[in-house]
Amino acid sequence: MNTNSQQANEWADLMASNGVRDGIDSVGLSPMTNFTGNIGGVEVSMLHHGSNEELEWGSRAAPEWRQSDPERNELYSPAKHVILGGGLAGGLIALALAKQGRGAGVALIESDQQLGGNHTWSFHDTDLDDEGFDLVAELVAHRWPRHQVRFPAYSRIIETGYSSISSERFARVLTNRLSAAGARVYLGKRVSTAGTSIVRLEDETVVRGDVVIDARGPKRTLDEDRVGFQKFVGLELELTCDGPWTMPLMMDATVAQVDGYRFTYVLPFSPRRVLIEDTVYSDNASIDVEECVRGILNYAARNGAEVARIVRREVGVLPLPIEAPRCVSLRALPGSPPCVGYRGGFFHAVTGYSLPIAVRVALAIAAAATPADTRDAVAATARTIEPQHRFGRFLNRLMFAAMPPASRWKAFERFYRLPEATIARFYASRSTWRDRARVLLGRPPAGIAWSRLLGAGFFQSSRNES
Ligand SMILES: Cc1cc2nc3c(=O)[nH]c(=O)nc-3n(C[C@H](O)[C@H](O)[C@H](O)COP(=O)(O)OP(=O)(O)OC[C@H]3O[C@@H](n4cnc5c(N)ncnc54)[C@H](O)[C@@H]3O)c2cc1C
């Protein structure tokens, strides 16, 4: 195993050991019990019919779920869509189906005790079309009319709105919506094997459906040897008096460039509540969380913010592709369910953001006439994303293979001098050929030679993507 693969294998453990969860009312479902209770303020009931077979868990609003299979003399209720993973991608698919009036056919299986994990998912207004914005509108916890970037010798205010979804709100809204729609949500249930229409959980429970959709989140590694990493530690802070930030600071790259392209990301939720994130594009997956926490608190202090307490912490290490030949969903094996979300390669190859594409996939699945059309809908979306992904991989090669870590910030500074529309389409994974030319053409950032860029980008590109 090469060093990157070893490092990548460590990151999930790191995340698990460092994650701090938002608190919502949640329950763990033991396979041996019947449960009636409250999740996120919603009354739910769970029936269990013996060990080692199918579970049924529906809201009280959906008694029609309770059907029986006379041949097997046991109760069961196959779903239409079985969604594995109640994170961003899986949750949005369930929500889109519920909004289409098809929620009663959804079974959503999540290994955690709550939906949505521990995240703040942000996006630009221009990332989504009207339909996409309609889908996520009620999930948005914060919205700002503009945002800002800052580099050593250049700063800019970008007149594009920016929004954030908190895991807490995501879980609450989704739980309410799915419960009202009669969907079944299995919490605390880990999938062990998944086929195209049947899923076995670790406790041997079997769940069946017309189609299974795999949204189990990032794998520990991408299916390739060479990756870069985006690593981040974020602290949500309560301040003793009003902080200095009035709009999101997407990138403050005036911080010391240690370990790669490093910047601080600031989301002022209110004058006295702020998320400050230390982010680095690095060659390795190792992350010293405590060191990052100290750096964030120093950053707050340097900017005149007095911290009353740390409210929440989030940690992430995302592998970014350099050479993967194609979007994962275009390589799906027969017999395996279609993969969506980060696991399916539905993310921006450079930023690691997946929300804009997750929305597109969710809408495409909900628009498919029948569950059987899901695979085609996912593949069709993958084909539209693939050229953008290929361009992103190419940029990653330039960044990770051709630019010394301490100089990588120059590429981003140069990018942020481009027209707003070009920047917007880049984030939305809708870059045109003209946009791509704008990003690439012109003099390379100072200190980076053409020969190095060409060697890392074009030659490896033709070798690996032909
Ligand atoms: C800290 C952090 C911040 C991020 N911020 C942004 C952002 O601002 N904007 C943006 O667009 N992107 C952001 N991203 C990137 C990306 O959008 C997220 O990682 C996003 O959550 C990926 O969505 P997903 O549904 O693929 O995976 P996840 O949201 O991770 O969901 C996967 C779900 O599957 C569950 N699961 C896993 N294995 C099993 C199993 N065997 N059985 C059952 N359930 C299982 C997990 O518990 C999880 O809930 C961020 C990533 C991180 C780590």
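## The chain at a glance

This chain has 11 helices and 21 strands. What you're looking at is a predicted model. Of its 466 residues, 47% are buried.

How do the contacts spread along the sequence? Take the contacts between residues at least 6 apart in sequence: 73% of them join residues at least 24 apart.

## Strand β7 and its neighbours

Let's start with β7, which spans residues 106-109. Both of its faces are covered. On one side sit Val106 and Leu108, on the other Ala107 and Ile109, and all of these are buried.

Which strands pair with β7? One is β6 (residues 79-84), which runs parallel to β7 and is joined to it by 4 bridges. In this pairing, His81 stands opposite Val106 of β7. To get from β6 to β7, the chain passes through helix α2 (residues 88-99), and the resulting β-α-β crossover is right-handed.

The other partner to look at is β13, residues 184-186. Here 3 bridges do the joining, and β7 and β13 again run parallel. Leu108, one of the buried residues of β7, stands opposite Val185 in β13.

## Around the ligand

Now for the ligand, which has 34 residues around it. Which of them come nearest? That would be a set of glycines: Gly85, Gly87, Gly217, Gly316 and Gly341.

As for where the shell comes from, α2, β8 (120-124) and β21 (307-321) each supply at least two residues. The largest share is from β8, with 4 residues. Helix α2 thus turns up twice in this tour: it lies on the way from β6 to β7, and it supplies residues to the ligand shell.

What is the chemical make-up of the shell? It divides into 14 nonpolar, 14 polar and 6 charged residues.

## A glycine in a loop: Gly344

One more spot to click on is Gly344, found in the loop between β21 and α6 (355-367). Is this loop residue buried or exposed? Gly344 has 28 other C-beta atoms within 10 Å, and the cut-off for buried is 20 or more, so Gly344 counts as buried.

How far is Gly344 from Gly217 in space? In sequence they are 127 residues apart, but their C-alpha atoms are 8.4 Å apart. Gly217 is also among the residues that come nearest to the ligand.

Technical notes
Residues numbered from 1 in each chain as written. Predicted model: local features only at pLDDT ≥ 70, side-chain atom pairs only at ≥ 80, totals over all residues. Buried ≥ 20, exposed ≤ 12 C-beta atoms within 10 Å, placed from the backbone. Pairing = 2+ DSSP bridges. Right-handed = clockwise from strand over helix to strand, strands pointing away. Contact = placed C-beta atoms within 7 Å. Near = placed C-beta within 6 Å. Nonpolar A, V, L, I, M, F, W, Y, C, P; charged D, E, K, R; others polar.
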